[in-house]
Amino acid sequence: MNTVLPLLESPPRTLQLPDSAREGLTRTPFGLYVHVPFCATRCGYCDFNTYTADELGPGASRAEYAGTAIAELRQAAETLGPDLPTVSTVFVGGGTPTLLPADDLAAVLAEVRRLFPVADGVEVTTEANPETVTPASLATLRAAGFTRISLGMQSAAEHVLAVLDRRHTPGRAVEAAGEARAAGFEHVNLDLIYGTPGETDADWSASLDAVLAAPVDHVSAYALIVEEGTRLARRIDRGELPVPDDDVLADRYEQADATLRAAGFDWYEVSNWATSGAARCRHNELYWANANWWGVGPGAHSHVGGLRWWNVKHPAAHAGRLLRGESPVQDTELLDDDDRALETVMLGLRLREGLPLTALSEAGRARAADAVVRGLLEPAAHAAGRAVLTDRGRLLADALVRDLTD
Ligand SMILES: C[S@@+](CC[C@H](N)C(=O)[O-])C[C@H]1O[C@@H](n2cnc3c(N)ncnc32)[C@H](O)[C@@H]1O
Ligand code: SF4
């Protein structure tokens, strides 16, 4: 199945792209992801690769991080060149990117522009925690070229935010969305989580209403996932909190879809709604289309033309490699046709456009016909040769992906 390339048995000075991955490089949409692995405190449900000041230890610091990211961007340009792809999207995520001074994020973006050709109308997103932005920092980010901001709101209920260990008040996310619009951000997203233990139907309604009262053109709503090894999982194991209930999660999803739809938001991926095509997150669309992206930062994943790789996870190991002029890549895998077909189905089925039935195996196509009978795939789209989720299919999207790809 997956081939681990021998070229990375010991860390090379730079990653070498095989010719097969280089093919199509300048014709395929290309994005840059910059991971910022710092948070002020860790939310009890989150297992992302992020570190509080206490957890970080020596060898990496927030103050030096922009320099580290810039060093990796330079390696990226060297590896991908001489015919560099045009950057169509940049996404700075985390962790909490906005724990870094806005000038540091601006410096990283300026280096992207110095190193790479950048598309007219490039989408430049940063994630942010509501309590870490101010009108002044937002103005700096906007002036530097950031066009989109994604704020983690999660809930409008104070007791839900407390279970999630969030540090902001319910109102702060809505306020920050307004400040971002006032600063000139073209696109503003709020992230919500549903199904938190103790959340009531009324809490979820209030969260949706609060989002709709904010000046946003995009909403992401995720079911709470209980990740192993988190404080939330330990509290559930000890019986302090109940496990999120599947029926409740399905009800919450349906309520979100109905409320958002009535307010002019349409789903374009199972967990994402936007007010128009222009308001969709183009960077995420690039992932879902299995296009090319380079992920900068500790633990960041990349994909170029069927070659996938991922960086060493700890910020100190990542910074150390770059300081020594070595690649931060931990490992690579070359996807074969079967892997790529599987990815296409996993990502494509969750999209509103769905995917062509020809992307499925023969067995997958037979199961797709059965899914139409079960009300999970749209009959008209199926007759026209596509697998497109029905409303009920969206509730069971993960199970259906497994069914169609087994
Ligand atoms: C990893 S965060 C990074 C951005 C920022 N630090 C924040 O919290 O908004 C991106 C999104 O992933 C969501 N997320 C993280 N862990 C999750 C989980 N276990 N279940 C559902 N959503 C999760 C967060 O709530 C957040 O909205
Ligand atoms: S602030 Fe965001 S990235 Fe940091 S721990 Fe919380 S959810 Fe995870």
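So, where is the place of G95? In the loop between β2 and α4, with α4 running over 102–115. I'm starting there since G95 comes up again with both ligands. One caution before I go on: this is a predicted model.

Staying with G95 for a second, look at the peptide bond leading into it. The bond from G94 to G95 is cis, with omega near 20 degrees. There's another cis peptide to show you, joining G81 and P82, and there omega is about 10 degrees. P82 sits in the loop between α3, residues 62–80, and β2, residues 87–94.

Okay, ligand 1. It has 17 residues around it, and the closest are G95, N129, Q154, R166 and D191. Let me walk through the polar contacts. N129 puts a polar side-chain atom 2.8 Å from a nitrogen of the ligand. R166 does something like that with an oxygen atom of ligand 1, again with a polar side-chain atom, at 2.8 Å. And then D191: an N or O atom of its side chain is 2.7 Å from an oxygen of ligand 1. How much of ligand 1 does the protein cover? On its own the ligand has 540 Å² of accessible area, and 92% of that is covered by the protein. As for which elements give two or more residues to the shell, those are β4, residues 148–154, and β5, residues 187–194. By residue type, the shell splits into 7 nonpolar, 6 polar and 4 charged.

Now over to ligand 2. Around this one we find C39, R42, C43, Y45, C46, G95, T96, N129 and R166. So you'll spot G95, N129 and R166 again, this time around ligand 2; they were among the closest residues to ligand 1 too. The split for ligand 2 is 4 nonpolar, 3 polar and 2 charged. About those cysteines: the structure holds 0 disulfides. C39 counts as buried because its relative accessible area is 12%, and C46 is buried as well, at 18%.

Let's leave the ligands and look at a couple of buried polar side chains. S302 is in strand β10, residues 301–304, and its relative accessible area is 0%, so it's buried. What does the side chain of S302 reach? The backbone nitrogen of G295, at 2.8 Å. Setting aside neighbours within four places in sequence, S302 is in contact with W293, W294, G295, L307, R308 and W309.

The other one is D203, in helix α8, residues 201–213. At 13% relative accessibility, D203 is buried too. A polar atom of its side chain lies 2.9 Å from the backbone nitrogen of T200. Beyond four places in sequence, D203 has contacts with A157, H159, V160 and G198. And S155, which is 48 residues away along the chain, has its C-alpha 7.8 Å from the C-alpha of D203.

Last thing, some backbone oddities to check on screen. D165 isn't a glycine, yet it has a positive phi of about 65 degrees. You'll find D165 in the loop between α6, residues 158–163, and α7, residues 170–182, and it is buried because its relative accessible area is 12%. N290, also not a glycine, has a positive phi near 60 degrees. That residue is in the loop between α11, residues 282–288, and β9, residues 292–296. Is N290 buried or exposed? Buried, at 16% relative accessibility.

Notes: Residues are numbered from 1 along each chain as its sequence is written. Chains are lettered from A and ligands numbered from 1 in the order in which they are written. This is a predicted model: local features need pLDDT of at least 70, side-chain atom pairs count only at pLDDT 80 or more; totals for chains, interfaces and linings use all residues. Side-chain values use heavy atoms; hydrogens and water are left out. A residue is near a molecule or strand if one of its heavy atoms lies within 4 Å of it. A polar contact is a pair of N or O atoms within 3.5 Å; within protein, one must be able to donate a hydrogen and the other to accept it, and residues adjacent in sequence count only if both atoms are side-chain atoms. Accessible areas come from the Shrake-Rupley method with a 1.4 Å probe; for residues, only the protein chains shown count as cover. Helices (H or I, at least four residues) and strands (E, at least two) are DSSP runs, numbered from the N terminus. Ala, Val, Leu, Ile, Met, Phe, Trp, Tyr, Cys and Pro count as nonpolar, Asp, Glu, Lys and Arg as charged, and the others, Gly among them, as polar. A disulfide is a pair of cysteine sulfur atoms within 2.5 Å. Buried means under 20% relative accessible area, exposed over 50%, partly exposed in between (1.4 Å probe, protein chains only). Contact means heavy atoms within 4.5 Å.
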